[in-house]
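Let's take a walk through this complex together, with the sequence and the 3D view side by side.

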Amino acid sequence: MIRLVTDDLRPPGPISRRHLLSVADLTRDDVERLLGTARTFAASLERRVKKLPTLKGHLVVNLFYESSTRTSSSFELAAKRLSADTLTVKAAGSSVDKGESLADTARTLGAYDPDVIVIRHPQAGAPHLVARVTEAHVVNAGDGKHQHPTQALLDLYTLQEALGRLEGLHVAIVGDVLHSRVARSLLQAFALVGIRATLVGPPALLPRDLPAEATSDIGAIRDADVVYVLRMQRERMEGGANFVPSLREYTARWGITPERLRPGQRVMHPGPANRGVEIDAAVADSPASLIVRQVRAGLVVRMAVLYDLLVGGPVGVEAAATAEVA
Amino acid sequence: MPALWQRELPGADVVVRGARVLDPAEGLDARLSVRIDRGTITALGETVEANGHRVVEAEGLVLAPAFVDPHVHLRTPGREDEETIASGTQAAAAGGYCAILAMPNTEPVVDSAATLGALAAAARREAEVPTGFLAAITRGQRGEELTEMAELADSGAVAFSDDGVPVASAGLLRRAFQYVSITGRTLALHCEEPTLSRGGHVHEGRAAAELGLAGQPSVAEAAMVARDLAVARHEGQPVHLLHLSARESVELLAAARAAGVRASGEVTPHHLVLTDDAVRSLDPNVKMNPPLRGERDRAALLDALRDGTVECVATDHAPHAAHEKDAPFEAAPFGVTGLETAFAALYTHLVEPGLLPLATLLERMSAGPARVFGLERPRVAAGAPANLVLLDLEREWTVGERPFRSRSANSWLLGARLRGSVRLTAAGGAVVYEA
């Protein structure tokens, strides 16, 4: 079971429900169960008819306040593959344009009694607010620079499938850690399963209070089994921010090129990639790249998360049985 | 003279019998009875004649000088939906306060004698407890031109502050120190170096790094504290540092005081009780400016309060509308309420565990702020006006179990169990609260 996140902020709180707001809410057992369920679903997707009846009659609302391709499409498809009804609301073109607050939008959508609300929002704490004001299970699909827990889970899944293990792996996370919710979620997930992490990037983009090894020396990626490349957000690098003097200098010093990799090293990226900035096109398209596998993993992991929240129980066995019935 | 205003209230005729009377500034700690005639303390002794007055049996309770809060946001004018002079001063009465000072960062800013005069008139109609007002240092708190400080002081402004924002220009601050000297008032400074704090929602520390929230580093406060103390020292003027939060800031304050600078400081209950660990909840009710900092900062603030480097507890009571706080952490405004919980929070978290003597807490909540701002010191003495608080140190209560008197409920203590409650408050000679 995904651990209870109690709504203890506003006494008297509503009844506790299960949410996936942060990797910090998960135990190692939770992670292993979710990855196991995802593997079961991956097998079911090999079949000719890919739809399972598992979540028939359930409603999954996708509420996206930021642009997204991978996350929003995979959540929608995950829900559909499990036969849930889906409703996707994007901030642009909705009442958000008319100035409606997140709390009010969430209450409005809550009136349809959704079973799950998946939310992406540019501000940390938005999913927590939705959890406070609605009765739905809430899944954080990215809030500000805070958390992106399903990304961390799909990355663990990808690592497990590609390298056959998690414990004892060494991953170098390279780039703009400061502004990265992916990096924060990964660090917690890696700690749960025993993966060693090294953060590499320009000094101002490495928060000094994170509990991880950190260095600005790109040579440090040499020892890693996997190089995990973070997206450089161009808007953060514009004149005046001065995190780095220029994107050109960033690429020269920290860009992941074929020359900087050693044979056998694998490369990951959460997408969307800026080719020629943080990652060389030759790397992104090479056999060392796991980027496409990450996208595929996103679908089955999100199916597993929806299943776990709504059905729960000893997931691996039940999911397999359900898949057989289907 | 700094002016305090209160609505017309009948002077109390009451006897408080058998309380532990604790007035640290008077060196008083004894089991006594006190008689108040028409709002003035007239008798203090082991037994006093009741003179037909109502008797409050206070066996087992503590009677102390009522509290003075030098840092309150009454949101009037402009945001009367969040607080009014009436509601804010009722909250103060319930919290045991006999005087509060309101900050000028309202809409419009209190930067002219006309605005101050209107507030004074409103306080004479509505204020449950004596209320004073600080006026802005710069017009519109824009940090460009000085306000007409002489006229504002003549109109009763207690002190000057651009609280909410720093005076960014050192040159302008210097002119403010020079000019304010003719008024005899103090500058109360919000210390924040804006290019270091910009965009920060919380303290820049481990919690911020892990949560991905932009942080305000401690040096954003300390760098400005250092600058402000240096300018005050150069001009030979007194200075008061608002809501200190960082260890380095109180170290600088201690060094300046040792060097003879007339510098004072204040700390809030939330900075004395919480650390930035609390923001991991992403509860907008622990979002304030300056932000909650680390455990070493909290410990340093407590040490400074204990040894007198910091002379005042100030609530920085900052009411916010529920619909504005009901937002994602990063979108929520800074500020928490505090008038109704300050004593109980500090008694529960500092006095009960033995971290701070009760007498010291009472001094820092009453005589300390009165001294810094040149106000009459509340005292338990014959001939003094009744500015008294009667405290029940045994009673436990849950914050929020009764509606707040404040119009806003953005308390960082919502749902907390606290020990210590106010049984009665007398302010300006009148009984303004009784539980």
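We begin with the confidence of the model, move on to chain B and its core, and finish with the two chains together and some backbone details.

Please keep in mind that this is a predicted model. The predictor gives the complex an ipTM of 0.82 and a pTM of 0.90. Chain B has a mean pLDDT of 97, and 100% of its residues reach 70 or more.

Start with chain B as a whole. Its fold contains 14 helices and 18 strands. The radius of gyration of chain B is 21 Å, close to the 22 Å that the globule rule gives for 435 residues, so the chain is as compact as a globular protein of that length. If you turn the chain along its principal axes, the C-alpha trace of chain B spans about 65 × 45 × 45 Å. Of the 435 residues in chain B, 62% count as buried. Among the contacts in chain B with a separation of 6 or more, 76% join residues that are 24 or more positions apart.

Now look inside. In soluble globular proteins, nonpolar side chains tend to be buried together. Here the largest nonpolar core has 152 residues, and those with the most contacts inside it are B:Leu63, B:Tyr97, B:Leu134, B:Phe160 and B:Ala426. Helix α7 of chain B (residues 218-235) gives the most to this core, with nine residues. A second, separate core of 91 residues includes A:Val23, A:Phe64, A:Leu178 and A:Ile279. For a closer view of one residue, pick B:Leu134: leaving out residues up to four places away in sequence, its contacts include B:Leu101, B:Met103, B:Val158, B:Phe160 and B:Ala188.

Next, turn to chain A. The domain assignment of chain A gives domain 1 (4-147 + 298-325) and domain 2 (150-294). The centres of these two domains, taken over C-alpha atoms, are separated by 26 Å. Where they meet, domain 1 of chain A supplies 20 residues and domain 2 of chain A supplies 18 residues. On the domain 1 side, the elements that give two or more residues are α1 (28-44), β6 (137-143) and α9 (291-310) of chain A. The largest share of that side, five residues, comes from α1(A). By class, the domain 1 side has eleven nonpolar, five polar and four charged residues.

How do the chains meet? Their contact takes 20 residues from chain B and 21 residues from chain A. Helix α6 of chain B (residues 206-211) gives the most to the chain B side, with four residues. That side has nine nonpolar, six polar and five charged residues.

Finally, some backbone details. Most residues other than glycine have a negative phi, and most peptide bonds are trans. The bond from A:Gly271 to A:Pro272 is cis, with omega near -10°, and A:Pro272 lies in the loop between β11 (266-268) and α8 (281-284) of chain A. In chain B, the bond from B:Asn289 to B:Pro290 is cis, with omega near 0°; B:Pro290 is in the loop between α9 (269-273) and α10 (295-307) of chain B.

Which residues other than glycine have a positive phi? One of them is A:Ser83, with phi near 70°. A:Ser83 is partly exposed, with 15 other C-beta atoms within 10 Å. Another is B:Gln141, with a positive phi of about 50°. B:Gln141 counts as buried, with 22 C-beta neighbours inside 10 Å.

Conventions
Residues numbered from 1 in each chain as written. Chains lettered and ligands numbered in written order. Predicted model: local features only at pLDDT ≥ 70, side-chain atom pairs only at ≥ 80, totals over all residues. Contact = placed C-beta atoms within 7 Å. Nonpolar A, V, L, I, M, F, W, Y, C, P; charged D, E, K, R; others polar. Rg over C-alpha atoms; globule rule 2.2 N^0.38 Å. Buried ≥ 20, exposed ≤ 12 C-beta atoms within 10 Å, placed from the backbone. Core = buried A, V, L, I, M, F, W, Y, C linked by C-beta atoms within 7 Å. pLDDT = per-residue confidence, 0-100. Domains from an automatic or database assignment.
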